[in-house]
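Hello,

I am handing over the structure below. My notes on it follow; please read them with the model open.

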Amino acid sequence: MTGGGELMSYRQLLNILPTTVVLPGQERPPLEKVFTDGIRPHICPGTKWCYCNFCVGSMGLVLETLSGQSFNDYTDEHILKPLGMSASHFYETDHILKNQAKGYSALGGMFMPLPESRYPVTPMGGMYSNVPDMSRYLIALLNRGRIGEVQLVKPETLEFMFTPHYQVDPRLEKIGITFFIEDDLFGHRVIGHDGANPGYGTQLYAAPDDKIGIIVFANIMNNSAYELGDGILKILFNYQEPERNFAEARELWPKFVGDYGSVEPELLTDFRFVMRNLGIFKVRISKGELWLESARLTTPKRLRQVSADAPYFYEIVTKGSEIPRYLVFVPGKDGKAASIKIGLNEYARLTGEAKTRAYLKAMAFAAIPEIF
C-alpha cells in the first residue's frame, strides 16, 4: 500500500526492489559491484534448501575471476556458440529487442502489459532465447552433453548435475546441480528447470531415459508454461490416472488439522515464497474431505491420499490443473502431525506466539500484488 492508501503500482514496487530488477535506461552493475561483501555460506551445504537467484549469480563472478573474461563473453564463446545458439545471449542485441515478445500480467482476471525489466545479475537468469536455440540445448542434455561434434561437458559431469543432492522426502521432488529432479513424474524420470521474469515464464523438461525434451515459453508470468509442459508430458508418456478404490485413513485426519509455517524464525528464501503462499498453510476438514489452504486466500485445494499403504502421503488436487503436487505429513511424538513437506520445503506446526507472528508477517505482505 502507498501512503495515500492506493494499491502500490507495479513501477513503484520495482523502485523499492532495486536488487531484484533493472528498469529500461538503467545499466546492470558489474558483478564485482554486486558481491562486494564476498561470498560466504551461512548454512552448511546440503543441510537446507532455499532458492536463491543471487547465489547462482555469484557463480558468474567466480567464472570471471577464473577465466579472465566477462560472463557475457565467456558464455558466448564457450557455451552458446559451440551449441549453435546464435540467437541467444545474456544481454540485449538489436535482433533481440526487435523480436522480443511483450510481457503481460494477469491481475484481477485482466491482461496488463508490463514495462520492460531485467535481472541485474545476468548469471542468475534472464537469458534471451527462442525455441529453436533451446531445442539445441535440450539435445545436448539428452545426448550426455554432446551435440554434433561438440562435447560441451563431460558425460559424468552432466550425470553429477542430474544426481539428487538434496531432498526432504524421497517421494517428493529433488534438487541436483541447478536441475530439479522427479523420479516418478507420470511414471518417468524427468529433469527440469523453470524460468521467470515479470511478464514471462518458461518450463524446460528433459527425460533422458526416454530421449524426450520439452521447452515452453509464455509471455506471462503465471502457471501457463508449467501447465503446458506437464500436459504435453502426460500425452507423450501416454499417462493414465491410477484408480483409487481404497478407503482413505480418515481416522488420522484430525491429527493433521492445524496451521503450518516456515521452520525458520525469519524468512530465509526469496520473494516468490512470500508471494505464492505468504509462508503459511492451513489444513482443515470440511464436508468429509481434507483441504489445504494458503494464507494468500487462493482457492482451497483438496488433499487426496495417494495409496492405501501410505496414509501420510497426499496429492494436492487442483481442479483443471495438469501439474501433480504432493504433500507429506510428518507425525510427532503426540501423534499429531509435527510438520508438512511440500516440494523441497518443510513447514512446522504453528502454535502460540509463533503462529501469531507468522500471520502478522503474512498480513504485511498480503497487499502486494502477486506479480512475481
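**Loops, sheet and rings**

K211 is found in the loop between β8 and β9. This is a predicted model, so please read every value below as computed. Phi of K211 is near 60°, a positive value in a residue that is not glycine. K211 is exposed, with a relative accessible area of 52%.

F186 also has a positive phi, near 55°. F186 sits in the loop between β6 and β7. Is F186 buried or exposed? It is buried, at 9% relative accessible area. A third case is N238, just after α8, with a positive phi of about 50°. Why flag these values? Because most residues other than glycine have a negative phi.

Now the sheet. It is open and has 5 strands, in the order β5-β6-β7-β8-β9, with antiparallel pairing. β5 and β9 (212-218) are the edge strands, and each pairs on one side only. β8 (residues 200-207) is joined to β9 by 7 bridges. One residue pair to look at: A207 has I212 of β9 as its bridge partner.

Two helices go with this sheet. Helix α6 (residues 131-142) packs on it and touches β8 and β9. The direction of α6 makes about 150° with that of β9. Helix α8 (residues 224-236) lies across β6, β7 (188-197), β8 and β9. α8 runs at about 155° to β9.

A length check on α8: at 1.5 Å a residue, its 13 residues should span 18 Å. The end C-alpha atoms of α8 are 18 Å apart, which agrees. Buried residues in α8 are A225, Y226, G229, D230, G231, L233 and K234.

Next, the rings. The whole structure holds 9 aromatic pairs. One of them is F162 with F179: the ring centres are 5.2 Å apart and the planes are at 90°, so the pair is edge-to-face. F162 lies in the loop between α7 (155-161) and β5 (174-175), and F179 in the loop between β5 and β6 (180-185). The pair therefore ties together parts that are 17 residues apart in sequence. Both F162 and F179 are buried.

Ring pairs also link F256, Y312, Y314 and F329 into a cluster. Last, a charge over a ring: the charged end of R171 sits over the ring of F313, 4.7 Å from its centre.

Best wishes

Conventions:
Residues are numbered from 1 along each chain as its sequence is written. This is a predicted model: local features need pLDDT of at least 70, side-chain atom pairs count only at pLDDT 80 or more; totals for chains, interfaces and linings use all residues. Side-chain values use heavy atoms; hydrogens and water are left out. Rings of Phe, Tyr and Trp (its six-membered ring) pair if their centres lie within 6.5 Å; planes under 30 degrees apart count as stacked, over 60 as edge-to-face and the rest as tilted. Helices (H or I, at least four residues) and strands (E, at least two) are DSSP runs, numbered from the N terminus. Buried means under 20% relative accessible area, exposed over 50%, partly exposed in between (1.4 Å probe, protein chains only). A charge sits over a ring if NZ of Lys or CZ of Arg is within 6 Å of the ring centre and within 35 degrees of the ring normal. Two strands pair if DSSP finds at least two bridges between them. Contact means heavy atoms within 4.5 Å. Axes are lines fitted to C-alpha atoms, for helices over the stretch in contact, and angles run from 0 to 180 degrees between N-to-C directions. The expected span of a helix is 1.5 Å times one less than its number of residues.
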